[in-house]
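Biologist: I am new to this structure, so please take me through one part of it slowly. I would like a close look at the metal site, and then at what you find as you move on along the chain.

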Amino acid sequence: MKDRYERQRLLREIGDRGQERLLSSSVTIIGCGALGCAQAQLLVRAGVGSLRVVDRDVVELGNLHRQIIFDEQDVAEGLPKAEAAAGKLRLMNRDVRIEPVVLDVNADNVRDVIGEPDLVLDATDNTETRYLMNEACVEKGTPWIYGGVLGTEGLMLPVLPGRGPCLRCLFPEAPPPGAVPTCESMGVINTAPVLVAALQATMAVRMLVGSPPEPRLTIVDLWAPEMRQIEIEREPSCVCCG
Ligand SMILES: [Zn+2]
């Protein structure tokens with residue numbers, strides 16, 4: 001019998017068994033900007049069982065160039081991103097339980113906000129929230145996938161607690177405010193978050209079907225274009241996982 005996942009079931013990497021696992025999986029996405037919009041669409045279309053999307057902001061005109069789930073109507077209505085995204089995601093796949101959460105993630109609520117999913121996807125735009133997510137996920141033993149974008153470049157690292165390095169092994173300290181450029185100061189090409197989100201979503205599917213990736217850092221430059229991988233060692237003196 002044909003179903004919406006037929007081409008995904010055909011993949012030997014996924015198959016019927018992998019698809020069944022996906023259908024009973026749960027994912028939390030922290031952030032619903034450029035990375036989160038693309039991740040959410042891909043995972044909902046792939047058929048995860050449930051998806052929580054967390055974001056505190058409302059949709060603005062300056063988001064539309066790269067936040068590919070939103071449109072001018074959302075800007076006119078001033079909708080919270082998590083709720084606007086949830087409405088569209090439900091139209092893409094009614095079988096997925098979508099849970100929008102409009103909230104500013106902080107040290108007090110991060111554990112509750114994450115919940116108890118099979119994995120967490122990073123779609124934030126700041127180091128502070130990533131460190132909170134890293135700490136909470138390492139503590140819970142929940143895998144999460146770091147993604148970052150700047151200019152025409154991007155980074156992706158699956159964090160597998162107990163099996164590989166965490167974000168603090170890679171970046172022990174946050175840079176002082178203003179010391180490094182951000183997308184706000186330097187800009188971003190709209191293809192970079194889409195590619196990084198695609199890498200994160202693919203790693204997510206691998207983990208959810210029981211085929212976890214090697215914990216390596218992937219570095220992409222879309223302008224060149226170029227993609228490479230670096231081995232990152234777990235840091236024995238890491239403040240988070242050491
Ligand atoms: Zn660490």
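Modeller: Let us begin with C169, which is buried, at a relative accessible area of 12%. Here buried means under 20%, exposed means over 50%, and partly exposed covers what is in between, using a 1.4 Å probe and protein chains only. Please keep in mind that this is a predicted model, where local features need pLDDT of at least 70 and side-chain atom pairs pLDDT 80 or more, while totals for chains, interfaces and linings use all residues. Residues are numbered from 1 along each chain as its sequence is written, and side-chain values use heavy atoms, without hydrogens and water.

C169 has company at the metal. The zinc ion takes its protein donors from C166, C169, C238 and C241, each through its SG atom, at 2.2 to 2.3 Å. A donor is an N, O or S atom within 2.8 Å of the metal (3.2 Å for Na, K and Ca), and water is not among the atoms, so sites may look incomplete. The 4 donor atoms make angles of 97 to 123° and the site is tetrahedral, a label for four donors whose angles all lie between 85 and 135 degrees.

Along the chain, these donors are spaced as C-x2-C-x68-C-x2-C. Distant parts of the chain are linked in this way: C169 sits in helix α8 (residues 167-170), and C238, 69 residues apart from it, in the segment after β8 (226-231). Helices (H or I, at least four residues) and strands (E, at least two) are DSSP runs numbered from the N terminus. C238 also counts as buried, because its relative accessible area is 8%.

From α8 we can step into the loop that leads to α9 (183-186), where P172 is placed. P172 is partly exposed, with 46% relative accessible area. Between the C-alpha atoms of P172 and R9 there are 41 Å, and 163 residues separate the two along the chain.

On the other side of α9, the loop between α9 and α10 holds N190. N190 counts as partly exposed, with a relative accessibility of 32%. T152 is 38 residues from N190 in sequence and 8.4 Å from N190 in space, C-alpha to C-alpha.

Another proline, P225, belongs to the loop between β7 (216-221) and β8. The peptide bond that joins A224 and P225 is cis, with omega of about -15°.

To finish, let us look at another stretch of the chain. N63 is in the loop between β2 (50-54) and α4, and N63 is buried because its relative accessible area is 8%. The C-alpha atom of N63 is 7.6 Å from that of G33, although these positions lie 30 residues apart along the chain. Helix α4 (residues 72-77) itself contains D74. With 5% relative accessibility, D74 is a buried residue too. The side chain of D74 reaches the backbone nitrogen of D71 at 2.9 Å. That is a polar contact, a pair of N or O atoms within 3.5 Å in which, within protein, one must be able to donate a hydrogen and the other to accept it; residues adjacent in sequence count only if both atoms are side-chain atoms.

How values were computed: Tetrahedral: all angles 85-135°; square planar, octahedral: opposite > 155°, others 65-115°.
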